[in-house]
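User: I would like to go through this protein by question and answer. Please keep it brisk.

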Amino acid sequence: MPAPLEIRNSPSGKILPALGPFLIGGIFGFGALQGVAAGADGGHVLWIALLGAACLGLGVFIARGAFDTSVKVVLNSQGFRDARAGDVLVPWSKVRSARLAAGGKGAAMLNFELTEEPPDAIRYSSANAFGLMPFGRNTVHMEISSLGVRGEDLVDAVKKFAPHVVVRR
């Protein structure tokens, strides 16, 4: 029996997306300081400072995932599980097909077509934006761009663990 594939966050997949909010927050912060120095209306400066703080907070929220070393996705001979969305096992017997949303290293989603509706833990998870996302009646999308694995490697793992699943690249 093949060893399970345990996937963690990619540090670059978390830090690089955080650069935008940090940059925008810095620009707003600089604008607030310029406004204070110029003697601008305190209400307007406050709004600019709050926008800057919100952007910096968003950057910290996104970047914190780079330091999370816990296992996010597991593929094994029983099925797959995504800790970011419900952490429920989806058995391979319920998976009809798998497909990369875009081929190659830049693939952002791995789509699974199921034989039935996804489990409730996946459908109603508050973390769906970062893990498995139900789409339609029997399809879930696994976000993989922030994980430390290439899309092709995930497809190969699906082929290895579930030879009956139709895999499209």
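Analyst: Buried means under 20% relative accessible area, exposed over 50%, and partly exposed in between. One caution before we start: this is a predicted model.

User: Is Phe 80 buried or exposed?
Analyst: The cut-off for buried is under 20% relative accessible area. Phe 80 has a relative accessible area of 0%. Phe 80 therefore counts as buried.

User: How confident is the prediction, and where is confidence lowest?
Analyst: The mean pLDDT of the protein is 84. Of its residues, 88% reach 70 or more. Confidence is highest in H2, at 93. The lowest mean, 58, belongs to strand E7, residues 132-135.

User: How many aromatic pairs are there, and what is the geometry of Phe 80 with Phe 112?
Analyst: The structure holds 3 aromatic pairs. In one of them, Phe 80 and Phe 112 sit 4.2 Å apart, centre to centre. Planes under 30 degrees apart count as stacked. The angle here is 20°, so the pair is stacked.

User: Which strands does that pair link?
Analyst: The two rings come from distant parts of the chain, 32 residues apart. Phe 80 is in strand E3, residues 79-82. Phe 112 is in strand E6, residues 109-114. The linked strands are E3 and E6.

User: Is Phe 112 buried or exposed?
Analyst: Phe 112 has 1% relative accessibility. The cut-off is under 20%, so Phe 112 is buried.

User: What class of aromatic pair do Trp 92 and Phe 112 form?
Analyst: Their centres are 6.4 Å apart, and pairing needs centres within 6.5 Å. The planes meet at 50°. Stacked needs under 30 degrees and edge-to-face over 60. The pair is therefore tilted.

User: Which parts of the chain does this pair tie together?
Analyst: The two residues are 20 apart in sequence. Trp 92 lies in the loop between strand E4 (90-91) and strand E5 (95-100), and its partner lies in another element, so the pair ties that loop to strand E6.

User: Which residues make up the aromatic cluster?
Analyst: Phe 112 pairs with Phe 80. Phe 112 also pairs with Trp 92, which is buried at 3% relative accessible area. One aromatic cluster results: Phe 80, Trp 92 and Phe 112.

User: Which element supplies the largest share of the largest nonpolar core?
Analyst: This core has 25 residues. Those with the most contacts inside it are Leu 75, Phe 80, Trp 92, Val 95, Leu 110 and Phe 112. At least two residues each come from E2, E5, E6, strand E8 (139-143) and helix H4 (151-161). The largest share, 5 residues, comes from H4.

User: What does Leu 110 touch beyond its sequence neighbours?
Analyst: Neighbours within four places are left aside. The contacts that remain are Arg 99, Leu 100, Val 140, His 141, Met 142, Ile 144, Leu 154 and Val 155.

User: Which residues does Asn 76 contact, with near neighbours in sequence left aside?
Analyst: Asn 76 is in the loop between E2 and E3. At 18% relative accessibility, Asn 76 counts as buried. With neighbours within four places left aside, its contacts are Pro 4, Trp 92 and Phe 161.

User: How far apart in space are Val 71 and Ala 83?
Analyst: Val 71 is in the loop between helix H2 (42-63) and strand E2 (73-75). Val 71 touches Ala 83, as well as Glu 6, Ile 7 and Arg 8. Val 71 and Ala 83 are 12 residues apart in sequence. Their C-alpha to C-alpha separation is 7.5 Å.

Methods
Residues are numbered from 1 along each chain as its sequence is written. This is a predicted model: local features need pLDDT of at least 70, side-chain atom pairs count only at pLDDT 80 or more; totals for chains, interfaces and linings use all residues. Side-chain values use heavy atoms; hydrogens and water are left out. Helices (H or I, at least four residues) and strands (E, at least two) are DSSP runs, numbered from the N terminus. Contact means heavy atoms within 4.5 Å. Rings of Phe, Tyr and Trp (its six-membered ring) pair if their centres lie within 6.5 Å; planes under 30 degrees apart count as stacked, over 60 as edge-to-face and the rest as tilted. Buried means under 20% relative accessible area, exposed over 50%, partly exposed in between (1.4 Å probe, protein chains only). A nonpolar core is a set of buried Ala, Val, Leu, Ile, Met, Phe, Trp, Tyr and Cys residues joined through side-chain atoms within 4.5 Å. pLDDT is the predictor's confidence in each residue, from 0 to 100.
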